[in-house]
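Biologist: I am new to this structure. Please show me how to read it, one feature at a time.

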Amino acid sequence: MDFRFNPEQEALRKEFDDFFREEMAKAPPEWGTSMEAMFGLDVCWEFHKKMAKKLAAKGWLSRAWPREYGGQDAPLIEQFIFSEVQGYYRGAGVDPWGVGMLAPTLLYGGSDEQKKEHLPPIARAELFWTQLWSEPGAGSDLASLTTRATRDGDDYVVNGQKIWTSGAHRADWGFMIARTNPEEKRSRGISFFLVDMKSPGITINPVLSLEGSHLFNEVFFDDVRVPARNMVGKENEGWLASQMMSNFERSMIILFSFLRRELEELVEFCKETKRGGKPLAENPHIRHKLAQLAIDIETGRAFAYFIVWNQEKHGLIAAGSYAAAAKVLATELNQRFSYIGCEILGLYGQVEYSKWAPLNGKYEKEYLQSISLNMGGGTSEVMRNLVCSLALGLPRSW
Ligand SMILES: Cc1cc2nc3c(=O)[nH]c(=O)nc-3n(C[C@H](O)[C@H](O)[C@H](O)COP(=O)(O)OP(=O)(O)OC[C@H]3O[C@@H](n4cnc5c(N)ncnc54)[C@H](O)[C@@H]3O)c2cc1C
């Protein structure tokens, strides 16, 4: 493994760094660190969209795409460098679903027409996407989903309910999986669709998260007509496309990098803040906690580098069990971090955002939000099951 970047990559990192440092200094104070603020608050959503336009103008949202679809054929490692810098600055402007998941999926498995229709608006930050997968009875066990799509002429008619749909209330389009063959069980008989969220018959209701913000939604489909040309891949074979999505950005570098910045700020706070006449930084209990966080963050970062290096050598699919392991490492570390942050701040850790609260009052929110990160995109238990079967050769448990 070689951790060194070549001079061009270093120059690129500096360019990303300069951009995010300057632009994120203009973020609204509520921006904080989370998707909850981005989707939940108008001021943050507007800032996110403005940033997206700036990134689009630089061609950075589509850098890794082939040139024929407006990209620059950038290697994976450059995408990784971008994500690392973005994570450090808590950078706005990258649609996690359109840019992060759908675009690479279409590039692999979409038709030429679908690529031509849907990729350019993503690259230009004109349209934003949402992910319509989970259902009230199908989360970890996604293959048991019951939303139905029935062929009727040139359309499919969709009926059912999705839930935990992050940002559906902001999205223009959604990618959805639905059952097209009820005779088939489990993952067979599921198809993958692109859905205009303004289609008649779609109802979106907010589901407030633990800390009270509007990230999640429940989305109802009542006889919603989706043109058949919006099916990605073949009928009843959508599971493959949905699983392919899981192979894109899997290193969790954004979260490790975000935590590196968080640690720098917490360390500064401990140096500046006195309790009982002494700086917190002299308290041995606190010092050890900070040291352990530093060790864990660097371990995670090295692991993320290993994953992307491995993917560059062997293809995206090489993430496999490493990706599941990185998800557990990163999200559980994030949770531990926010608990420790709250503990160090003492009672102030429970104070909500205000200009008077230490560290902007961010730990009150981060503490509550950190719980859900272990679930979104697959729970820690499910990830551990994947490590068991993919890496340790143990029998599958589901
Ligand atoms: C922050 C966040 C964002 C999300 N965004 C989206 C989104 O945009 N779109 C979308 O479609 N969904 C989204 N989700 C939903 C997410 O994918 C599901 O919450 C997740 O897959 C778990 O499903 P569930 O909530 O139904 O829990 P369940 O599957 O019911 O799990 C309940 C508990 O049982 C455990 N469990 C389940 N199966 C097993 C097993 N085989 N072995 C061991 N333990 C098991 C789980 O680990 C969990 O602790 C989001 C969730 C969160 C928290």
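The two speakers go through domains, ligand shell, cores and one residue.

Biologist: What kind of model is this?

Modeller: This is a predicted model.

Biologist: Which domains does the assignment give?

Modeller: Begin with the parts of the chain. The domain assignment gives domain 1 (7-94), domain 2 (130-237) and domain 3 (250-391).

Biologist: How far apart are the C-alpha centres of domain 1 and domain 3?

Modeller: Those centres lie 21 Å apart. Next, look at who takes part in the contact. Domain 1 puts in 16 residues, and domain 3 puts in 17 residues. On the domain 1 side, helix α4 (residues 76-88) gives the most, with 8 residues. That side of domain 1 divides into 6 nonpolar, 6 polar and 4 charged residues.

Biologist: Now the ligand. How many residues surround it, and which are the closest?

Modeller: Count the shell, then ask where its residues come from. Here 19 residues surround the ligand. The closest are W133, G139, S140, G376 and T379. By class, the shell has 6 nonpolar, 12 polar and 1 charged residues.

Biologist: Which elements supply at least two residues of that shell?

Modeller: β1 (129-132) and α12 (380-391) each do. The largest share, 3 residues, comes from α12.

Biologist: Why does the ligand shell lie between two domains?

Modeller: Check which domains give residues to it. Domain 2 (130-237) and domain 3 (250-391) both do, so the shell lies between them.

Biologist: What is the general idea behind a nonpolar core?

Modeller: In soluble globular proteins, nonpolar side chains tend to be buried together. In this model, the largest nonpolar core has 91 residues. Those with the most contacts inside it are L61, F193, V195, M252, F256 and A326. Helix α10 (residues 320-345) gives the most to this core, with 10 residues.

Biologist: Which residues are in contact with A326, leaving aside neighbours within four places in sequence?

Modeller: A326 is in contact with R250, S251, M252, F303, A304 and I307. There is also a second, separate core of 7 residues, which includes L266, I344, L359 and Y367.

Biologist: Take one residue, K54. Where is it placed?

Modeller: K54 is in helix α3 (residues 42-57).

Biologist: Why does K54 count as partly exposed?

Modeller: Count its C-beta neighbours. K54 has 14 inside 10 Å, so it counts as partly exposed.

Biologist: What does K54 touch beyond four places in sequence?

Modeller: K54 touches E23 and G93. Compare chain distance with space, too. K54 and R124 are 70 residues apart along the chain, and their C-alpha atoms are separated by 9.3 Å.

Conventions
Residues numbered from 1 in each chain as written. Predicted model: local features only at pLDDT ≥ 70, side-chain atom pairs only at ≥ 80, totals over all residues. Near = placed C-beta within 6 Å. Helix = DSSP H or I, 4+ residues; strand = E, 2+ residues; numbered from the N terminus. Nonpolar A, V, L, I, M, F, W, Y, C, P; charged D, E, K, R; others polar. Domains from an automatic or database assignment. Buried ≥ 20, exposed ≤ 12 C-beta atoms within 10 Å, placed from the backbone. Contact = placed C-beta atoms within 7 Å. Core = buried A, V, L, I, M, F, W, Y, C linked by C-beta atoms within 7 Å.
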